[in-house]
Amino acid sequence: MTLTSGRFISHEYDRMIVRFSMHDGTREVPCAISTSAMDDLERGPQVRPEQREAQFTRLRDRIEARAASKYHATEFEGTPPGIVLRGIDFRP
């Protein structure tokens, strides 16, 4: 089944991640991306915490495409199992 967009959940400043979800049919898949990975994708200065949701929205297509790739490769982490994206996931 195709993984589809879910929702922005939160920016967790202490953990330096943005949490979001995707859907496999009716199943919600928890996902996260490091804020440093998002900064690397934009190749600009680090954004302020209150700008993380807007940054995620700008990068959403690229982030979700990579999350879908990891999902289909069954590269799950954590409990409950989810997708975690880091800068290395976006390197050629």
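# Exercises on a predicted model

Helix 1 is followed by Arg43, a residue whose phi is positive, near 50°. Keep in mind that you're working with a predicted model.

## Exercise 1: Two helices meet

Work out how helix 1 and helix 2 are arranged, and which residues make the contact.

**Solution.**

Step 1. Find the two elements: helix 1 covers residues 35-42 and helix 2 covers residues 52-72. Their axes come within 10 Å and cross at roughly 70°.

Step 2. Put a word to that angle. Values from 65 to 115 degrees count as roughly perpendicular, so helix 1 is roughly perpendicular to helix 2.

Step 3. List who touches whom. Helix 1 brings Thr35, Met38, Asp39, Leu41 and Glu42. Helix 2 answers with Arg52, Gln55, Phe56, Arg58, Leu59, Arg62 and Ile63.

Step 4. Sort these contact residues by character: five are nonpolar, two polar and five charged.

## Exercise 2: The buried part of helix 1

Say which residues of helix 1 are buried, and what they pack against.

**Solution.**

Step 1. Pick out the buried residues of helix 1: Thr35, Ala37, Met38, Asp39 and Leu41.

Step 2. Look at what surrounds them. These buried residues pack against helix 2 and against strand 1 (3-12), strand 2 (17-24) and strand 3 (27-34).

## Exercise 3: Build the sheet

Describe the sheet: the order of its strands, its edges and how its strands pair.

**Solution.**

Step 1. Start with a general idea: strands of a sheet pair through backbone hydrogen bonds, either parallel or antiparallel. Here, four strands form an open sheet in the order 1-2-3-4, and the pairing is mixed.

Step 2. Find the edges. Strand 1 and strand 4 (83-85) each have a single partner strand, so one side of each is left without a neighbour in the sheet.

Step 3. Check the twist. On average, neighbouring strands of this sheet are turned by 25° against each other, if you ignore direction.

Step 4. Go through two of the pairings. Strand 1 and strand 2 run antiparallel and are joined by seven bridges; in this pairing, His11 stands opposite Val18 of strand 2. Strand 2 and strand 3 also run antiparallel, with eight bridges between them. The bridge partner of Met22 is Val29 in strand 3.

Step 5. Now add the helices. Helix 1 packs on the sheet, where it touches strand 1, strand 2 and strand 3, and its direction makes about 70° with that of strand 3. Helix 2 lies across strand 1, strand 2, strand 3 and strand 4, and runs at about 130° to strand 1.

## Exercise 4: Rings that meet

Find the aromatic pairs that involve Phe56, and explain how each one is classed.

**Solution.**

Step 1. Recall how it's done: a pair of aromatic rings is described by the distance of the centres and the angle of the planes. Searching the whole structure turns up three aromatic pairs.

Step 2. Take Phe8 and Phe56. Their centres are 5.7 Å apart with 55° between the planes, and the pair is tilted. Phe8 sits in strand 1 and Phe56 in helix 2, 48 residues apart, so to speak a link between distant parts of the chain.Step 3. Take Phe20 and Phe56. Their ring centres lie 5.0 Å apart and their planes make 45°, so this pair is tilted. Phe20 is in strand 2 and Phe56 in helix 2, 36 residues apart, and this pair links distant parts of the chain.

Step 4. Check burial. Buried means under 20% relative accessible area. Phe56 counts as buried, at 0% relative accessibility, and Phe20 counts as buried at 0% too.

Step 5. Put the rings together: Phe8, Phe20 and Phe56 form one aromatic cluster.

## Exercise 5: Unusual backbone spots

Locate Met16, Thr74 and the cis peptide bond before Pro80, and describe the backbone at each place.

**Solution.**

Step 1. Begin with Met16, in the loop between strand 1 and strand 2. Its phi is near 60°, a positive value in a residue other than glycine. The hairpin of these two strands has four residues between the strands. With 47% relative accessibility, Met16 counts as partly exposed.

Step 2. Move on to Thr74, in the loop between helix 2 and strand 4. Thr74 isn't a glycine, yet its phi is positive, about 50°. Its relative accessibility is 57%, and Thr74 counts as exposed.

Step 3. Finish with the peptide bond from Thr79 to Pro80, which is cis, with omega near 0°. Pro80 lies in the loop between helix 2 and strand 4.

Notes
Residues numbered from 1 in each chain as written. Predicted model: local features only at pLDDT ≥ 70, side-chain atom pairs only at ≥ 80, totals over all residues. Heavy atoms only, no water. Axes fitted to C-alpha atoms, helices over the stretch in contact; angles between N-to-C directions. Parallel < 35°, antiparallel > 145°, perpendicular 65-115°, else oblique. Contact = heavy atoms within 4.5 Å. Nonpolar A, V, L, I, M, F, W, Y, C, P; charged D, E, K, R; others polar. Buried < 20%, exposed > 50% of the residue type's maximum accessible area, 1.4 Å probe, protein only. Pairing = 2+ DSSP bridges. Phe/Tyr/Trp six-rings, centres within 6.5 Å; stacked < 30°, edge-to-face > 60°.
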